Structures are given as C-alpha cells and as structure tokens.
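User: I would like a close look at one part of this model. Please start there and work outward.

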Amino acid sequence: MPKTRLDLARIRAARQVIDPVFLDTPLYRCEALEPDLGCAVSVKLETANPVRSFKGRGTELVASGLAENGSRAVVCASAGNLGQALAWSGRGRGLYVTVVASRFAPAAKLDRIRALGAELELVDGDFDMARERAAAIAERDGVRLVEDSLDVETCEGAATIGLELVDAGPFDAVLIALGGGAMATGVGHVLKARAPGVEVICVQPGGAPAMTLSWRRRQVVTTDSTDTIADGVAGRRPIPAVLDDLLLVADDAVLVRDASIIAGMRLLFDHAGLVVEPSAALGVAAILEDPDRFAGRHVVTIVCGGNVDVDAYHRWIGATPLPPIREVDHGPESHGRVSP
Ligand SMILES: Cc1ncc(COP(=O)(O)O)c(C=O)c1O
C-alpha cells in the first residue's frame with residue numbers, strides 16, 4: 001500500500017457520496033483507434049457528465065463535506081474545469097461558490113462557470129496567479145479555499161476512477177494527464193494498492209513541464225511561464241505534498257508536443273467520435289510519440305475533459321491531416337488498415 005496522503009477506505013466510501021452521474025463512466029476498447037496507435041487501447045470516458053470532466057468526482061466530496069458542516073460559501077482557483085465542477089456541486093447544496101480564473105482561460109469554460117451560478121472573478125494572469133487571488137479572497141472572507149490536488153478530497157474523488165479501472169482490468173498501462181496531480185496521485189494510489197502490475201504513466205505537455213521535471217528530479221521545479229494549448233494542465237508551481245505522493249505512485253512521467261496533442265484530438269474525433277479538449281488527448285499523444293513502448297500492450301487512456309472552445313477546436317483539428325494509412329491484408333475477410 002503506497003504511503004501517500006490518500007486512503008483506500010475513504011476512496012471506497014467516496015463512491016457513496018459522489019453523485020452517481022459522475023461514477024461508473026464508460027470504459028471500452030476502442031478498436032478503431034488501434035491501427036494508428038499500434039496497441040490495444042481502451043478509453044475511460046470522463047466527458048459524459050454535466051460538467052464534461054472528471055473534476056466533479058472531487059468537488060462532490062468537497063461540497064458534501066462543506067454542506068455537512070453548515071458552511072455557506074467556498075472559493076477556488078481554476079483553470080476552468082474545477083470551477084465548473086465546484087459550481088455544479090455547490091449549486092445543489094446551496095453553497096455560494098466563487099471561482100477565480102485566468103481571463104485567458106477558454107471562454108467555453110468561463111461561460112459554463114457563470115451559467116452554473118458561481119461568481120467568477122478573472123485575473124489578468126495565469127492559473128498560478130488565480131491561485132494567489134483565491135487564497136486572498138478566502139482569507140479576507142473567512143471561507144474555505146479549495147486547493148485542487150492539495151486538498152485530499154480532490155485526489156480521493158479522482159481516485160474513484162482507479163477503483164473502476166481495477167474492477168474492469170487487467171490492463172498493462174494507464175495514461176493519465178498530469179496537471180496539479182489530483183488525478184494522477186488518486187488513480188495511481190488505487191492502482192498501486194490494488195493492481196501493482198499496471199504501469200502508471202503521467203503525461204504533460206512539453207510547454208508546461210513543471211510537475212514532470214519535478215517528478216524526474218524528485219524535487220519541486222517551477223517554471224516562469226507555460227506555452228501549450230492544453231490549458232487544463234498548464235501549471236507552473238507544483239505543490240510539494242502532491243509531488244511526494246506522485247513519487248510514490250507514478251512509474252513514469254513523459255512530455256509530449258502540442259502537435260501530437262492535436263493529432264490525438266483528431267484521432268479521437270475521427271475514430272472514436274469524441275470531441276475532447278487538449279488535456280484529454282495527452283494519453284493518445286504519448287502513444288503517438290513512442291509507439292514502440294506500447295506495441296503489443298493493452299493501454300487505457302483517461303479521456304478526462306471535453307470543454308473546448310469550438311473555434312479553437314476547429315482550427316486545431318481542421319488543420320491536422322490524419323497520418324497516411326495503408327491497406328493491410330489480414331486474410332480474405334479483412335478490411336483492416338494500419339499506419340505505415
Ligand atoms: C481536462 C483535464 N485534464 C487534466 C487535468 C489535470 O488534472 P490534475 O490537476 O488533477 O492533475 C485537468 C485539471 O483541471 C483537466 O481539467
């Protein structure tokens with residue numbers, strides 16, 4: 001059992017608290033992706049819920065705890081998806097939710113935060129500046145600050161994905177988008193406890209590598225800026241306690257190019273019918289960049305969010321031709337095609 005801040009019994013109990021709309025998400029083998037990726041691929045679909053990301057699992061825990069304590073208000077910083085999820089979970093429990101986000105966050109995410117009834121404050125900077133502002137508001141107003149990945153509920157909520165994976169396994173590897181680390185530490189904790197043979201691989205964009213570099217050097221590494229289309233994972237300042245947990249549960253952390261993320265989004269659209277945001281294509285991007293590593297294995301990628309600005313999405317996937325494909329002969333009945 002890894003000695004992280006997380007607890008398997010609490011993670012199991014979380015399933016009773018989280019609204020079932022976020023639980024037991026589809027998990028299926030997606031054979032149509034396989035010719036291009038060269039391995040068996042299953043997708044865990046975290047986009048088919050009211051906030052179109054996995055973050056509702058954690059905010060359900062946070063909000064139910066607050067409601068039990070009689071709290072009336074809560075504030076968080078968000079790249080967009082946590083805020084949306086907290087707005088959803090808070091609304092159902094009568095909480096006054098304030099979300100602080102970067103004014104450069106995708107408009108689709110900001111619009112949904114407002115539509116769900118939260119107060120949205122925008123900062124003229126990035127996600128890490130929003131974190132500072134949210135902390136200041138919490139201090140000023142004496143309300144609970146939800147810190148994604150630091151607050152253990154956010155990790156244990158995400159960890160319920162891991163329980164569902166273990167029940168559906170076996171798999172050889174799981175690819176997890178890495179931002180602040182709630183999802184990777186959560187899912188990783190459960191896999192290491194219950195299915196230690198499964199390789200836990202975190203994936204980050206090369207343009208926002210702080211947590212990956214920190215994992216590799218076993219100490220916090222910060223960066224001055226980020227440069228990636230994967231807005232959901234673009235942090236600069238890893239949280240030390242989360243890094244400590246990640247060191248215990250991740251087998252690897254890899255960086256991918258934005259061009260591969262776009263190719264992954266395109267493949268998920270063309271072959272799986274999925275509209276995903278860039279962070280949700282990180283796993284497919286990792287396979288595209290290192291196919292030999294995954295050849296012959298069964299890999300799960302967590303499709304973790306689908307909140308994307310439509311114009312940007314069209315720009316990205318419209319400009320990306322699919323890799324050329326060629327016919328291969330699998331025998332008389334076959335119509336299979338694979339990449340050269
Ligand atoms: C779609 C999506 N993927 C991945 C992440 C990264 O998750 P974490 O911060 O738990 O590492 C986020 C974070 O908000 C996200 O919204």
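Which helix do the buried residues of H14 pack against?

Analyst: The model is predicted. The buried residues of H14 pack against helix H11, residues 258–272.

Start with H14 itself. The helix spans residues 310–318. Its buried residues are Tyr-313, Trp-316 and Ile-317. Seen down the helix axis, these buried residues fall within an arc of 85°, so they line one face of H14. The spacing fits a general rule. An α-helix has 3.6 residues a turn, so residues three or four places apart point the same way. The face turned away from the buried side of H14 carries exposed residues: Asp-311, His-314 and Gly-318. H14 thus has a buried face and an exposed one, and the buried residues are the ones that pack against H11.

Now place the helix in the chain. The domain assignment gives domain 1 (8–53 + 152–318) and domain 2 (56–146). The C-alpha centres of the two domains lie 22 Å apart. Their contact takes 27 residues from domain 1 and 23 residues from domain 2. On the domain 1 side, the elements that give two or more residues are helix H1 (8–17) and helix H7 (152–168). H7 gives the most, with 6 residues. By class, this side of domain 1 has 10 nonpolar, 10 polar and 7 charged residues.

Next, the core. The largest nonpolar core has 113 residues. Those with the most contacts inside this core are Leu-86, Val-174, Ile-176 and Val-203. Domain 1 and domain 2 both give residues to the core, so it lies between them.

Take Leu-86 as one of these. Leaving aside neighbours within four places in sequence, its contacts are Thr-59, Val-62, Ala-63, Val-74, Cys-76, Val-97, Val-99 and Val-146. Follow the contact to Val-99. This residue sits in strand S4, residues 96–102. Val-99 is buried, with 30 other C-beta atoms within 10 Å. Beyond the residues within four places in sequence, Val-99 touches Cys-76, Ser-78, Gly-83, Leu-86, Ala-87, Ile-113, Ala-118 and Leu-120. Cys-76 is thus in contact with Leu-86 and with Val-99. For a sense of span, the C-alpha atoms of Val-99 and Arg-293 are separated by 40 Å, and the two residues are 194 apart along the chain.

Glu-139 offers a contrast. It belongs to helix H6, residues 127–141. With 11 C-beta neighbours inside 10 Å, Glu-139 counts as exposed, whereas Val-99 is buried. The C-alpha atoms of Glu-139 and Ala-105 are separated by 24 Å, with their positions 34 residues apart along the chain.

Last, the ligand. There are 23 residues around the ligand. Asn-81, Gly-179, Ala-182, Gly-232 and Gly-305 come nearest. The elements that give two or more residues to this shell are helix H4 (81–91) and helix H8 (182–194). H8 supplies the largest share, 3 residues. By class, the shell has 11 nonpolar, 9 polar and 3 charged residues. Both domains take part: the shell draws at least three residues from each of domain 1 and domain 2. The ligand shell and the largest nonpolar core therefore both draw on the two domains.

Terms used
Residues numbered from 1 in each chain as written. Predicted model: local features only at pLDDT ≥ 70, side-chain atom pairs only at ≥ 80, totals over all residues. Near = placed C-beta within 6 Å. Helix = DSSP H or I, 4+ residues; strand = E, 2+ residues; numbered from the N terminus. Nonpolar A, V, L, I, M, F, W, Y, C, P; charged D, E, K, R; others polar. Domains from an automatic or database assignment. Buried ≥ 20, exposed ≤ 12 C-beta atoms within 10 Å, placed from the backbone. Arc of directions from axis to C-beta. Contact = placed C-beta atoms within 7 Å. Core = buried A, V, L, I, M, F, W, Y, C linked by C-beta atoms within 7 Å.
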